[in-house]
Amino acid sequence: MDDFHARRALALAILNSGTTLTRKAGSFLGQCAVDPSSLTERQREWFKQLAEKAGLTVEA
């Protein structure tokens, strides 16, 4: 997910989904919502896992 605006919207949707998140996951999603820097492959995978846990999907 390289489009910052789409990533921001999805990060906020995950945070607002009511899914139980760790402090680390919440911090990561907050960073994704405000930092336009590209994610690493590992971060993209974690982001995808968090979205799936929240019942959301990540557009490639």
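These are my notes on one loop and the helix that follows it, taken from a predicted model.

**Entry 1, Thr19.** I started with Thr19. I found it in the loop between α1 (4–16) and α2 (23–34). I then checked its side chain for polar partners. The side chain of Thr19 makes a polar contact with the side chain of Ser17, at 2.8 Å. Next I set aside neighbours within four places in sequence. That left Thr19 in contact with Lys53 and Ala54.

**Entry 2, Thr20.** I moved on to Thr20, which also lies in the loop between α1 and α2. Is Thr20 buried or exposed? I read a relative accessible area of 64% for Thr20; exposed starts over 50%, so Thr20 counts as exposed. I also looked up a C-alpha separation. Thr20 and Ala54 are 34 residues apart along the chain, and their C-alpha atoms are 8.7 Å apart.

**Entry 3, α2.** I took the length of α2 next. It has 12 residues and spans 17 Å from first C-alpha to last. That is close to the 16 Å expected at 1.5 Å a residue.

Which residues of α2 are buried? I listed Ala25, Phe28, Leu29, Cys32 and Ala33. I looked down the axis of α2: these buried residues fall within an arc of 140 degrees, so they line one face of the helix. The general rule is that an α-helix has 3.6 residues a turn, so residues three or four places apart point the same way.

I then asked what the buried residues of α2 pack against. They pack against α1 and α3 (41–53). Last, I checked the face of α2 turned away from the buried side. It carries the exposed residues Arg23, Lys24 and Val34.

How values were computed
Residues numbered from 1 in each chain as written. Predicted model: local features only at pLDDT ≥ 70, side-chain atom pairs only at ≥ 80, totals over all residues. Heavy atoms only, no water. Helix = DSSP H or I, 4+ residues; strand = E, 2+ residues; numbered from the N terminus. Polar contact = N/O pair within 3.5 Å; in protein donor to acceptor, adjacent residues only side chain to side chain. Contact = heavy atoms within 4.5 Å. Buried < 20%, exposed > 50% of the residue type's maximum accessible area, 1.4 Å probe, protein only. Expected span 1.5 Å × (residues − 1). Arc of directions from axis to C-beta.
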